[in-house]
Amino acid sequence: MDVDSHLVNVTENIIVEEIKKNRKNKGNSWFSENWRAIFSELMSTFSLLFFGCMTCIPIDGVPINPPLYGTIGFGLIVLMNIQTFGHISGAHMNPTVTLAAIIWGNMSIALGIAYFVAQCAGAVMGYGILMILSPIDMSSGICTTQPHVKHTVYQALGIEILLTVALVLINCSVWDPVNKDKGESLSIKFGLTIAALSIAGGPMTGASMNPVRSFAPAIWTNTWNSHWVYWAGPFLGGTLAVIFYKFVWLRTERVIEPEFSWTGSRNCHELV
């Protein structure tokens with residue numbers, strides 16, 4: 001009986017210590033698990049605005065950059081960022097994609113808020129440092145997104161909604177469990193998608209599809225012409241796209257729906 005009692009006491013002590021250890025680690029688990037992803041979002045969005053808007057700086061001796069110069073440039077920068085940061089944070093670089101990931105169930109609300117703050121900070125820092133390093137004065141509105149002069153504000157809103165719908169549907173197709181084994185060359189696919197949508201919508205609205213992409217140049221150059229369009233359009237388009245995909249195209253009978261919660265893990269296969 002003494003041996004049995006000793007074994008019971010040892011077992012109880014081990015269980016108690018394990019519970020204490022888990023409680024202690026639980027307090028730091030969210031930050032320790034997610035700080036790299038949050039920092040990755042800051043860096044990837046910084047890169048998007050710094051290098052992407054660099055392609056919009058006029059070339060010496062050329063009054064207007066070639067029409068496809070900036071659009072292809074942004075697509076290639078997205079490609080680079082997804083290849084660099086995609087496995088860490090998903091390389092969203094875009095609050096619209098982050099909101100779509102929350103609605104889809106790939107990430108928690110708390111992490112989504114942290115992503116949003118990091119994206120705003122990274123975008124503002126990226127464009128601000130570019131202004132410092134640029135050989136010309138960018139305060140005239142270089143790399144800002146504004147509706148075409150012949151567009152009404154609601155036409156511009158409609159274009160931004162539809163462009164973002166197309167972008168988020170691509171993300172949803174990547175998140176779809178049916179395509180979980182088809183993740184090769186995602187950086188190329190998304191880089192070309194951004195380039196294509198920018199070519200299509202660039203002359204009309206600037207093809208933002210990303211609130212912080214428009215916010216950073218606006219705040220540094222004080223250019224707020226119809227700026228609300230570049231928040232309402234992407235958020236509305238992204239939300240409609242992910243809801244449509246989940247309830248129309250997603251084969252729910254073969255998918256276990258992830259939990260929608262304030263805390264939880266992230267899926268690192270989502271982007272822009």
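**Exercise 1. How much space lies in the largest pocket, and which residues line it?**

The structure is a predicted model, in which local features need pLDDT of at least 70 and side-chain atom pairs count only at pLDDT 80 or more, while totals for chains, interfaces and linings use all residues. Residues are numbered from 1 along each chain as its sequence is written, and side-chain values use heavy atoms, with hydrogens and water left out.

Step 1. On a 1 Å grid over the protein atoms alone, a pocket is an open set of points with protein on both sides within 12 Å along at least five of seven lines, whereas a cavity is a set where a 1.4 Å probe fits but cannot get out. Points are joined across faces, edges and corners, and a volume is the space filled by probe spheres set on them. The largest pocket holds about 880 Å³.

Step 2. Lining residues, which have an atom within 4 Å of a point, number 38 here, and the closest to the pocket's centre are Cys-56, Gly-70, Thr-71, Gly-202 and Gly-206.

Step 3. Helix H6 gives the most to this lining, with six residues.

**Exercise 2. Describe the largest cavity.**

Step 1. A search of the whole structure finds one cavity of 30 Å³ or more, and the largest cavity has a volume of about 40 Å³.

Step 2. Its lining includes Thr-144, Ser-214, Trp-224 and His-227.

Step 3. Ala, Val, Leu, Ile, Met, Phe, Trp, Tyr, Cys and Pro count as nonpolar, Asp, Glu, Lys and Arg as charged, and the others, Gly among them, as polar. By these classes, the cavity lining has two nonpolar, seven polar and no charged residues.

**Exercise 3. Place helix H8 in the chain.**

Step 1. Helices (H or I, at least four residues) and strands (E, at least two) are DSSP runs, numbered from the N terminus, and the protein chain has eight helices and zero strands.

Step 2. H8, residues 229-249, reaches 28 Å from its first C-alpha to its last, close to the 30 Å expected at 1.5 Å a residue, where the expected span is 1.5 Å times one less than the number of residues.

Step 3. Buried means under 20% relative accessible area, with a 1.4 Å probe and protein chains only; the buried residues of H8 include Val-229, Gly-233, Gly-237 and Ala-241.

Step 4. With contact meaning heavy atoms within 4.5 Å, the buried residues of H8 pack against H3, H5, H6 and H7.

Terms used
Buried < 20%, exposed > 50% of the residue type's maximum accessible area, 1.4 Å probe, protein only.
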